[in-house]
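Me: I should like to learn how a structure of this kind is read. Could we take the features one at a time?

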Amino acid sequence: MNVLKRYLKFSLKRSSKLQGTRAMAAVTQVLACDSTSIVFSLDDQVAISSPETLTALHTAASCLKDLLPVAFPTETVYGLGAIALNATAALKIFSTKGRPADNPLIVHVSSRRMLQTLLPQNYTLSRSYELLIEHFWPGPLTLLFPCDHSLIPDIITAGQPTVAIRMPSHPVARALIAVTDAPLAAPSANSSGKPSPTHAEHVLNDLNGKVTIILDGGPCEVGLESTVVDGLHEDGNIRILRPGGITVEDIKRVLVNGFSDTDTPIPQILVHRRDFHDDTLEQAPTTPGMKYRHYSPSVPVTLMRMSDAPLGIEPLSPSAFLEVLKRSVSHSPDVLRVGLLMPSDSILMKYLISDTTIQWHEFPLGLVSEPAIIARRLFDGLLTLERERVDLILVEEVPEENEGLAIMNRVKKAAGSSQWIVFP
Ligand code: TXA
Ligand code: MG
C-alpha cells in the first residue's frame, strides 16, 4: 500500500470517529480510480476495463444524481462537481466551498454531442472556436458561449449572458461525466480563497467531512486551472480572461495556421489586464481574483521579484532582505521558519539557504526553462509548505511567457506583498 493510500485510510477512520463526536455533513470516502483503464473511442464512447474503477464511477454518479457534489480529478486541478442543469445540486457547490454566489461556474462536458445540447438552437461556432476546439479539446481550455437561460440555471452563470464550458481530458473526469450522462458544473475543489488542490490528499485535507466522495486519480498533470477564453465579441478577437493550462503562444499558433488560407484577418489575442481593461469585468468576479481573494494559504506569501523595480521602489540586496526578514516576521519563539517556493536552479534560493539561522523549508519547483513543471508543482508547494507550518512563504517570480503567464497570474494573487531584490 502506498503512503497516500495508508494516509487516506487513516484519515477515513479518523473522520468516522469524529462523526460520533461532532456533527459532520458526511463521511468522506476516497475511491481510487485507474485512469489507464479508461478509453474513449473517436465517437466519444467510454469503455472502462477495471471493475474497481467502474464501481467507483458508478458510486460517484449515483451520488451526483442524489444531488450531492463529488470531488474528482481533472488534468488541471481537482474539481467539485454537481449536475449543472439542476439548481439545487449546483447550490451545494457554493455552500460546500463557501463560494460567493456571484462567481459563475464552468460546465464540463464529455463529448461534442453534450456540448451541442447546451447551446442555443440558432448558434453556430465561429471559425476560431472550431479551431480551438479541434486542437485543445479535450483539454484545459474553457470557452464562453451564449447562454440559453431556459436551460442553464442562473446560479451557474451568476447572471452573465454567457456560459463557460470545457471538455476535460482527464480520463476520470470525462468518464464521470459520461457515466452520469449529464454535464457537470465544477469549480476547483477547495474552500473559497485557498490554493486549488492538485492531489486527492489536498481535497481531503480541506473538505474532509464536507464532501461524500473524492475520486482519486493521482496528481493533476497541468496543475493550474484552465485558460478562460471569451471569443464572443463582434470584433472576432480572442480575449483571455484567465491565463491557464493552454498558453497564449499555443492559441496564437493555432489561429495563425488556421486563418492562413482565408481572407479573414487573424483574430488578435488579448490578455485581460495586459492588453485590455474592462470596467464591467472588474466589477463582476467573472475571472478569479478580480474581486475576491484567491489561491492564498493561511500563511503570508511574499513574491520575490528579480526584474527591474518600478520607479520609486528601492530593491534590497539579499543580505539586507534577510535582516529585514529576521526583524519583521513574527514567529514562534525558537526559530524563524521560512518556506521557499522557487525554481530548482534559483540563484536567490542558493544564497538564502546559506544563512543557517533561519529554518528553511525548500520546495524546488523545477528548472526555470521548464515552466510546465513549475506550473504542475506550484499549488502543491503552497499547500505543502502551509502544512509544514512555516511562518512565511517566499515565491520567486518567473518570466511571464508560456506557462509563466498563468503561474504569475496565480502567484500575484496569492501574495500579500512583493519584494524586489538586486544582487550587488
Ligand atoms: O481548470 C479549471 O477550469 C477547473 C477545473 C475543475 O475544471 N475549474 C475552475 O473553476 O477553475 P473555478 O470556478 O475555480 O474558476 C472558473 C472561473 C470562475 O472564477 C469564473 O470567474 C470564470 O471561470 N467563469 C465562469 N463562467 C464565466 C462566465 N460566464 N463569464 C466569465 N467568466 C466565467
Ligand atoms: Mg478556483
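Reply: Let us begin with burial: a residue is called buried when its relative accessible area is under 20%, and exposed when it is over 50%. The model before us is predicted, and in it 55% of the 424 residues of the protein chain count as buried.

Me: How is confidence in the model to be read, and over which residues does pLDDT stay under 50?

Reply: Where pLDDT is low, the predicted coordinates should not be read in detail. The protein chain averages a pLDDT of 91, and 91% of the residues score at least 70. Over residues 1–24, however, pLDDT stays under 50.

Me: How many helices and strands does the protein chain have, and how compact is it?

Reply: There are 14 helices and 18 strands in the protein chain. Its radius of gyration is 22 Å, close to the 22 Å from the globule rule for 424 residues, so the chain is as compact as a globular protein of that length. The C-alpha trace spans about 65 × 65 × 35 Å along its principal axes.

Me: What should I look for in the interior, and which residues have the most contacts inside the largest nonpolar core?

Reply: In soluble globular proteins, nonpolar side chains tend to be buried together. Here the largest nonpolar core has 88 residues, and those with the most contacts inside it are W137, F145, I156, I165, L215 and I251. A second core, separate from that one, has 25 residues, including V77, L224, L303 and F363. As for I156, its contacts beyond four places in sequence include A84, P104, V107 and A185.

Me: How does one read a single helix, and which residues of helix α5 are buried?

Reply: An α-helix has 3.6 residues a turn, so residues three or four places apart point the same way. In helix α5, residues 127–136, the buried ones are S128, Y129, L131, L132, I133 and F136. These buried residues pack against α4, β7, β11, β12 and α9.

Me: What is notable in the backbone after α5, where P138 lies in the loop leading to β7?

Reply: The peptide bond from W137 to P138 is cis, with omega near -10°.

Me: Which residues other than glycine have a positive phi?

Reply: Two examples are A158 and N402, each with phi near 50°. A158 is in the loop between α6 and β8, and at 23% relative accessibility it counts as partly exposed. N402 is in the loop between β17 and α14; its relative accessibility of 33% also makes it partly exposed.

Definitions and conventions
Residues are numbered from 1 along each chain as its sequence is written. Chains are lettered from A and ligands numbered from 1 in the order in which they are written. This is a predicted model: local features need pLDDT of at least 70, side-chain atom pairs count only at pLDDT 80 or more; totals for chains, interfaces and linings use all residues. Side-chain values use heavy atoms; hydrogens and water are left out. Buried means under 20% relative accessible area, exposed over 50%, partly exposed in between (1.4 Å probe, protein chains only). Helices (H or I, at least four residues) and strands (E, at least two) are DSSP runs, numbered from the N terminus. Contact means heavy atoms within 4.5 Å. pLDDT is the predictor's confidence in each residue, from 0 to 100. A nonpolar core is a set of buried Ala, Val, Leu, Ile, Met, Phe, Trp, Tyr and Cys residues joined through side-chain atoms within 4.5 Å. The radius of gyration is taken over C-alpha atoms; the globule rule is 2.2 Å times the number of residues to the power 0.38.
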